[in-house]
Amino acid sequence: MTTIHNALPDPARPDTGSTARQDEVSDSPTGWVAEHIRRYVETDGENGHLYQGRPTLLLTTRGRKSGKLRRTALIYAQDGARYLLVASNAGAPHHPAWYLNLDAHPDVTVQVRDETFPARARTATAEEKRPLWERTTSVFPLYDTYQAKAGRDIPLVIVERLAGKDA
């Protein structure tokens with residue numbers, strides 16, 4: 001576990017007037033993902049930003065049930081200043097935990113390379129998704145394969161930096 005300065009509010013604690021406090025962050029329980037996160041954090045993204053040739057970021061969400069901070073590494077595409085994430089779960093029939101968490105608590109923390117910042121995440125509308133999906137599949141073409149086997153509509157998530165805030 002890592003302790004980070006995080007701007008995510010804790011729904012289980014009353015607001016003390018400060019949105020930033022120290023919280024422990026639990027990294028993905030999946031071994032290779034946890035190792036990727038460790039390298040990313042230790043090197044400020046120098047070792048880890050590109051994973052198998054694709055850009056990745058670290059996303060920290062607040063657990064929808066536990067209220068604890070959870071961090072994972074995800075491939076991303078960009079649309080201007082916005083980051084695009086695909087909740088593919090490798091084509092599994094259910095959404096990944098990180099997506100369920102941000103759906104419940106859309107305020108997240110993002111690390112891209114050596115920069116960490118607060119952001120807000122939301123699911124793209126059907127109209128938004130169509131052109132953005134092409135952008136994400138240009139970065140990771142397997143998303144189309146995952147969509148074909150998932151048996152569910154895979155959400156595309158738009159992550160936008162919160163204006164005027166620093167982590």
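**Reading salt bridges and a helix**

Visitor: How many salt bridges does the count come to?

Guide: The count comes to 11 salt bridges. Keep in mind that this is a predicted model. To spot a salt bridge, look for a side-chain nitrogen of Lys or Arg within 4 Å of a carboxyl oxygen of Asp or Glu.

Visitor: Okay, let's try one. Which side chain does Glu35 meet in a salt bridge at 2.3 Å?

Guide: That's Arg38, with 2.3 Å from N to O. Both sit in helix α1, which covers residues 31–42, and because they are three residues apart there, about one helical turn separates them. Glu35 also has a salt bridge with Arg39, this time at 3.7 Å from N to O. Arg39 and Glu35 are four residues apart in α1, again about one turn of the helix.

Visitor: Are Glu35, Arg38 and Arg39 tucked away or out in the open?

Guide: Think of a scale: under 20% relative accessible area is buried, over 50% is exposed, and partly exposed is in between. Glu35 has 31%, so it's partly exposed. Arg38 at 34% counts as partly exposed too, and so does Arg39 at 24%.

Visitor: Now for a pair outside that helix. Which residue forms a salt bridge with Glu115?

Guide: Arg161 does, and the closest N and O atoms are 2.8 Å apart. Here you should check where each partner lives. Glu115 is in strand β9 (residues 115–123) and Arg161 is in strand β10 (residues 156–161), so this pair ties together parts that are 46 residues apart in sequence. Glu115 is partly exposed at 35% relative accessibility, and Arg161 is partly exposed at 37%.

Visitor: Which residues do salt bridges that share partners join into one network?

Guide: Glu35, Arg38, Arg39 and Glu42.

Visitor: Back to α1, then. How far apart are its end C-alpha atoms?

Guide: They're 16 Å apart. You can check that against an expected value: at 1.5 Å a residue, the 12 residues of α1 should span 16 Å, so the two agree.

Visitor: And which residues of α1 are buried?

Guide: Val33, His36, Ile37 and Tyr40. Now look down the helix axis: the buried residues of α1 fall within an arc of 100°, so they line one face of the helix. Just after α1, have a look at Asp44, which takes a positive phi of about 50°.

Visitor: What about Glu128: which residues is it in contact with?

Guide: If you skip its neighbours within four places in sequence, Glu128 is in contact with Arg82, Arg122 and Ile158. Ile158 is 30 residues away along the chain, yet its C-alpha atom and that of Glu128 are separated by 9.6 Å. Glu128 belongs to helix α3, residues 126–139. Its side chain also reaches the backbone nitrogen of Thr125, at 2.8 Å. With a relative accessible area of 22%, Glu128 is partly exposed.

Visitor: Let's zoom out. How many helices and strands are there in the protein?

Guide: There are four helices and 10 strands. From the N terminus on, they run β-β-α-β-β-β-β-β-α-β-β-α-α-β.

Visitor: What percentage of the residues count as buried?

Guide: 45% of the 167 residues do. The protein exposes about 8900 Å², with carbon and sulfur atoms supplying 50% of that area. Take the contacts with a separation of 6 or more: 62% of them are between residues 24 or more positions apart.

Conventions: Residues numbered from 1 in each chain as written. Predicted model: local features only at pLDDT ≥ 70, side-chain atom pairs only at ≥ 80, totals over all residues. Heavy atoms only, no water. Helix = DSSP H or I, 4+ residues; strand = E, 2+ residues; numbered from the N terminus. Buried < 20%, exposed > 50% of the residue type's maximum accessible area, 1.4 Å probe, protein only. Contact = heavy atoms within 4.5 Å. Polar contact = N/O pair within 3.5 Å; in protein donor to acceptor, adjacent residues only side chain to side chain. Expected span 1.5 Å × (residues − 1). Arc of directions from axis to C-beta. Areas by Shrake-Rupley, 256 points an atom, 1.4 Å probe, with all protein chains shown as cover.
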